[in-house]
Amino acid sequence: MRFPIYRPRRLRQSEGFRRMVRETTVEASDFIFPMFVTHGRGVRLEIASMPGVCRLSRELAAQEAKEVAALGIPAVLLFGIPERKDETGSSALEPHGVVQEAIRAIKDAVPDLVVVTDVCIDEYTSHGHCGVVRDGKILNDPTLEILAAMAVSHARAGADLVAPSDMMDGRVKAIREALDREGFTDLPIMAYAAKYASCFYGPFREAADCAPKFGDRRSYQMDPPNAREALREVALDIEEGADLIMVKPALPYLDVIARVREAFDYPIAAYNVSGEYAMIKAAGRLGWLDEERAMMEALVAIRRAGADLILTYFAKDAARLLQR
Ligand code: PBG
């Protein structure tokens with residue numbers, strides 16, 4: 001029997017060799033940790049379908065942000081759960097709203113941590129949609145003004161980066177123009193460029209209390225079977241002034257991440273969403289998967305597909321593991 005000359009197993013035989021030829025790394029500096037901030041004081045409410053993730057009032061959010069920074073994670077992403085909701089999500093624009101106050105508390109406690117804010121009104125509207133509703137329709141252009149004002153309000157409170165997740169057409173341009181007009185020319189935008197209408201956002205909607213009260217988000221978020229369309233969405237957001245682009249969800253859309261990576265020379269973030277987190281946590285709890293290994297394999301896969309940054313609820317767990 002004649003053996004092949006090249007034996008791939010030669011470089012797999014020890015951890016030393018494996019480390020030397022490893023193509024992809026995952027580090028704490030790749031992560032952005034999403035957080036849910038709410039009104040009141042001393043509030044810490046665990047989200048049932050997202051073990052380890054809590055809604056926090058601002059001072060506890062600042063405390064958690066300190067832990068995040070100490071683990072070497074460079075950024076947090078803030079979602080707000082306000083006290084009051086209405087048709088147009090007006091509590092999103094309050095100068096002392098939940099997110100605005102949380103930004104101040106976090107920047108006070110950890111000035112070097114990058115504070116990213118989600119710009120979308122679904123957590124603030126009574127109907128739970130990401131846009132203004134009239135006659136059962138989600139209106140695009142009237143929503144743009146609100147999003148732009150929301151981004152400016154976050155900027156005034158001290159946000160370092162704003163991230164529109166609404167999927168209205170033209171919102172990056174509207175936000176860029178408003179920020180520039182108000183003097184925030186240096187504040188970057190991370191656009192949720194290719195965001196799909198996904199069932200994997202289920203646990204998040206419990207966390208943020210933002211499930212739509214009627215219909216669904218399919219008239220504005222992308223249709224899961226489409227990949228070429230993702231490239232058009234990304235191209236548009238770049239044209240409109242996006243500094244970073246995002247693909248969301250991550251694991252069921254690794255092909256989209258890879259195609260966007262191929263086509264664009266921009267920093268790419270991928271959102272390892274609530275449902276992806278919940279699946280691994282649940283299987284881990286049942287003893288059906290090794291939770292730590294599943295987490296690290298998922299994160300490295302997202303990086304391997306081409307993402308520079310990963311928004312993930314695993315950020316703290318993974319950073320701790322990487323320190324060992
Ligand atoms: C909308 C928004 C959603 C998520 C982030 N921003 C929910 C949605 O579009 O329905 C989902 C994030 C996750 O599932 O972790 N503001």
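**Group meeting: a walk through the predicted model**

Let me begin with a single residue, Ser-91, which, leaving aside residues up to four places away in sequence, touches Pro-82, Arg-84 and Tyr-124. What we have in front of us is a predicted model, so please take each value as computed from that model. Ser-91 sits in the loop between strand 4, residues 75-81, and helix 3, and with a relative accessible area of 4% this serine is buried, because anything under 20% counts as buried here. Its side chain reaches the backbone oxygen of Arg-84 at 2.7 Å, and Arg-84 is also one of the residues that Ser-91 touches.

Let me now step back to the chain as a whole. The protein chain has 11 helices and 12 strands. Its radius of gyration is 20 Å, close to the 20 Å that the globule rule gives for 324 residues, so the chain is as compact as a globular protein of that length. Taken along the principal axes, the C-alpha atoms fill a box of roughly 75 × 45 × 40 Å. Of the 324 residues, 55% count as buried, and the accessible surface comes to about 15100 Å², with 51% of that belonging to carbon and sulfur atoms. If we take contacts between residues at least 6 apart in sequence, 74% of them join residues at least 24 apart. As for charge, there are 42 positive and 48 negative side chains, and the centres of the two sets lie 7 Å apart.

From the loop that holds Ser-91 we can move on to helix 3, residues 98-109, where Gln-100 has its place. Is Gln-100 buried or exposed? At 1% relative accessibility, Gln-100 counts as buried, and a polar atom of its side chain lies 3.1 Å from the backbone oxygen of Glu-94. Again setting aside residues up to four places away in sequence, Gln-100 touches Ala-92, Leu-93, Glu-94 and Pro-95, and also Ser-153, His-154 and Ala-157.

Next comes helix 5, residues 171-181, in which Arg-171, Val-172, Ala-174, Ile-175, Arg-176, Ala-178 and Leu-179 are buried. Which elements do the buried residues of helix 5 pack against? Their partners are strand 5 (114-119), helix 4 (141-157), strand 8 (161-164), strand 9 (190-195) and helix 7 (228-239). Just after helix 5, Gly-183 takes a positive phi of about 90 degrees.

I would like to finish with two residues in contrasting surroundings. Ala-269 belongs to strand 11, residues 268-272, and is buried, with a relative accessible area of 0%. Beyond its neighbours up to four places away in sequence, Ala-269 touches Met-190, Ile-245, Met-246, Val-247, Leu-309 and Leu-311. Ala-157, which we met as a contact of Gln-100, is 112 residues from Ala-269 in sequence and 24 Å from it in space, C-alpha to C-alpha.

Lys-213, for its part, is found in the loop between helix 6 (202-208) and helix 7, and is exposed, with a relative accessible area of 56%. Once its neighbours within four places in sequence are left aside, Lys-213 is in contact with Ser-126 and His-127. Lys-213 and Arg-320 are 107 residues apart in sequence, and their C-alpha atoms are 38 Å apart in space.

Technical notes: Residues are numbered from 1 along each chain as its sequence is written. This is a predicted model: local features need pLDDT of at least 70, side-chain atom pairs count only at pLDDT 80 or more; totals for chains, interfaces and linings use all residues. Side-chain values use heavy atoms; hydrogens and water are left out. Helices (H or I, at least four residues) and strands (E, at least two) are DSSP runs, numbered from the N terminus. The radius of gyration is taken over C-alpha atoms; the globule rule is 2.2 Å times the number of residues to the power 0.38. Buried means under 20% relative accessible area, exposed over 50%, partly exposed in between (1.4 Å probe, protein chains only). Contact means heavy atoms within 4.5 Å. Accessible areas come from the Shrake-Rupley method with a 1.4 Å probe; for residues, only the protein chains shown count as cover. Lys and Arg count as positive and Asp and Glu as negative; His and the chain ends are not counted. The place of a charge is taken as NZ of Lys, CZ of Arg, CG of Asp or CD of Glu. A polar contact is a pair of N or O atoms within 3.5 Å; within protein, one must be able to donate a hydrogen and the other to accept it, and residues adjacent in sequence count only if both atoms are side-chain atoms.
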